[in-house]
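Colleague: I am new to reading models of this kind, and I would like a close look at one part of it. Please take your time over it and explain each term as you go.

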Amino acid sequence: MFGQMQDSPLLVSQLIEHAAQFHPDQRIITKTVEGHFHEYTYKDAAKRSKQLAQALVALGVQDGDVIGTLAWNTYRHFECWYGISGMGGILHTINPRLFPEQLDYIINHAEDKFLFIDTTFVPLLEALQSKLTKVKGYVIMTDEAHMPTTTLPNVLCYETLLAQQSGEYQWPQLDERQATSICYTSGTTGNPKGVVYSHRSSLLHSWGITSLNVGEICSETRVLPIVPMFHANAWGLVYAVAMMGAEVVFPGPHLDGASVCDMINRYKVDLSAAVPTVWTMLMQHLTQSGDTLESLNSVLIGGSAVPKVMIRSFEQDYGVEVWQAWGMTEMSPLGSLNKPRPQDALLSYEEQLNIKAKQGRPCFGVQMKIVNDDNQPLPHDGKAFGRLMVKGPWIVSQYFKAETSALDEDGWFDTGDVATIDETGNMQITDRSKDVIKSGGEWISSIDLENAAMGHDEVLEAAVIGVPHPKWEERPLLIIVAKNPEQPPSAESVLAFLTDKVAKWWLPESVEFIDAIPHTATGKINKVGLREQFKGYQFEGVSA
Ligand code: ADP
């Protein structure tokens, strides 16, 4: 017998409706593209999202049409998330940091009908427009006073479009399995792949990340989502804040250390989320300015491994708790989060730090396992490492327009990460499978080495790649950006610093200093770029 409960669809329009009805006066604050602060409430946002939905209908947008956005985290982009998906359209958030050839590839692949763009990105699209044959028009997300002159065809002004509509609109009752949005992975190798989320997966994910074991988001939280809405769904925060009626501060394009610090202190932000590179910029600003972070309780950090030195500095110098998160675009994105267990409080801080440096335990809804090359499950002993496989209702089953499933025959998705899982279920990423260093038949974790090197006082950023070696197959090369490029530390001092932190045979064969480490469109160390830069590299005294 089936349960006899109502089977009403889960729809993202319900989130903004709920916020408008029950948290109408909670604020949404934006540091706009133009540089001033804009404030309004959920009630205002809900009305304007409906005006946008009406405008889309007036433009002839139909259920299932894809509408792209190239935009920063702002209140207008927030309205697009609800207006587009709520009326039955499919929101395609585009990462403007992709290479131009990837941009036109994904815009054409997704068949975007209209593009909603911030003024910042007008030149980018002007250069691409001749290739964007399927785009019917470009909506510039500003008011008439700030409309740029442009060579783009069929240009519309966002505020004028909204002003023509009343906001008297009933959200359609969609099927909860219908698509809300598409996000492409950054595709460091090959073409980017599209992940298509549904209303149901988006709502379930939102419940997951707001919960007390995860993001602890409620109507008393004030959130600063620095992670862009075009990178892995801003980690689900756009839906989560509305679900809980939390106040939100959107940073627009202002992501430098001084601006982030100002927004946190000006609006008494208590939770923020970003990749490590953003926090490195904030840390540099704090050190130089002497500023503090009085209101901030916790930061969600993910996208790349969080160096221990960053966790320690946030927690001990600024009193901000670090929650390391792991996930991927294919997972909406949250997979695991590192929150201390009650019994961890009895441990020394150093022991707690070792636990916190891992990627955490799965939140409810996500199943995880590690397997060897024969697909056999490996033990959860914190030592065995293998391919990390995941399963759950907010995880991809098939890439957009792909002919085959993205899952194995038992329904598991291979994340492409290599990880260990310890007895407590705490997972640690040792590498992307393509970045792992194979030395003498064993694997060396580039992430562990990078993390250890980042602990050196004079190191700003560290990256490790495998370089071919005639005897060992590959050996690690450590690449460093010094805090003071004029006076970098000696290679010997860095290697000496590492000796008691990693196994002897893991010690890098050599150290190189460079001015800047290249990053991908999602802020990760660009290992493909580094391997290209150091192609043909020879260790001293070793002939190829
Ligand atoms: P993209 O693939 O487009 O760069 P994603 O955010 O989807 O963007 O990347 C997901 C990958 O990022 C994961 O598979 C993993 O390799 C890496 N990652 C995410 N969070 C962490 C973390 N906390 N520690 C280490 N790696 C991480």
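Over the ring of which residue does the charged end of Lys-339 sit, and how far from the centre of that ring is it?

Modeller: The charged end of Lys-339 sits over the ring of Trp-323, 4.0 Å from its centre; the phrase applies when NZ of Lys or CZ of Arg is within 6 Å of the ring centre and within 35 degrees of the ring normal. Before we go on, please keep in mind that this is a predicted model, in which local features need pLDDT of at least 70 and side-chain atom pairs count only at pLDDT 80 or more, while totals for chains, interfaces and linings use all residues. Residues are numbered from 1 along each chain as its sequence is written, and side-chain values use heavy atoms, with hydrogens and water left out.

Let us stay with this part of the chain. Asn-338 lies in the loop between strand 15 (334-337) and helix 12 (349-356), where helices (H or I, at least four residues) and strands (E, at least two) are DSSP runs, numbered from the N terminus. Because its relative accessibility is 4%, Asn-338 counts as buried, a word that means under 20% relative accessible area, with exposed meaning over 50% and partly exposed in between (1.4 Å probe, protein chains only). A polar atom of the Asn-338 side chain lies 2.8 Å from the backbone oxygen of Ile-355, and the side chain of Asn-338 also reaches the backbone oxygen of Lys-356, at 3.4 Å. Leaving out residues up to four places away in sequence, Asn-338 touches several others, including Trp-323, Ile-355, Lys-356 and Asn-426, where contact means heavy atoms within 4.5 Å. Trp-323 therefore appears twice in this account, as the ring under the charged end of Lys-339 and as a residue that Asn-338 touches, although the second statement rests on the contact cut-off of 4.5 Å.

Lys-501 gives another example of a charge over a ring, since its charged end sits over the ring of Phe-497, 3.8 Å from the centre.

Rings also pair with rings, and a search of the whole structure finds 16 aromatic pairs. Phe-385 and Trp-443 form one that is tilted, with 5.8 Å from centre to centre and 40° between the planes. Rings of Phe, Tyr and Trp (its six-membered ring) pair if their centres lie within 6.5 Å, and planes under 30 degrees apart count as stacked, over 60 as edge-to-face and the rest as tilted. This pair links distant parts of the chain, as Phe-385 is in the loop between strand 17 (367-371) and strand 18 (386-391), whereas Trp-443 is in strand 22 (residues 442-444), 58 residues apart. Phe-385 counts as partly exposed because its relative accessibility is 30%, and Trp-443 is partly exposed at 26%. The rings of Tyr-537 and Phe-539 are edge-to-face, because their centres are 5.6 Å apart and their planes are at 80°, and both of these residues are buried. Elsewhere, Tyr-42, Phe-78, Trp-81, Tyr-82, Tyr-239 and Phe-250 form one aromatic cluster.

Ser-446 can be read in the way we read Asn-338. Ser-446 lies in helix 13 (residues 446-453), and at 0% relative accessibility it counts as buried. Its side chain makes a polar contact with the side chain of Asp-431 at 2.5 Å; such a contact is a pair of N or O atoms within 3.5 Å, and within protein one must be able to donate a hydrogen and the other to accept it, with residues adjacent in sequence counting only if both atoms are side-chain atoms. Setting aside residues up to four places away in sequence, Ser-446 touches Thr-430, Asp-431, Asp-435, Ile-437, Val-464 and Lys-527.

Finally, here is the setting for these details. The protein chain has 15 helices and 25 strands. Its radius of gyration is 24 Å, close to the 24 Å that the globule rule gives for 544 residues, so the chain is as compact as a globular protein of that length; the radius is taken over C-alpha atoms, and the rule is 2.2 Å times the number of residues to the power 0.38. Buried residues make up 57% of the 544 residues, and among contacts between residues at least 6 apart in sequence, 66% join residues at least 24 apart.
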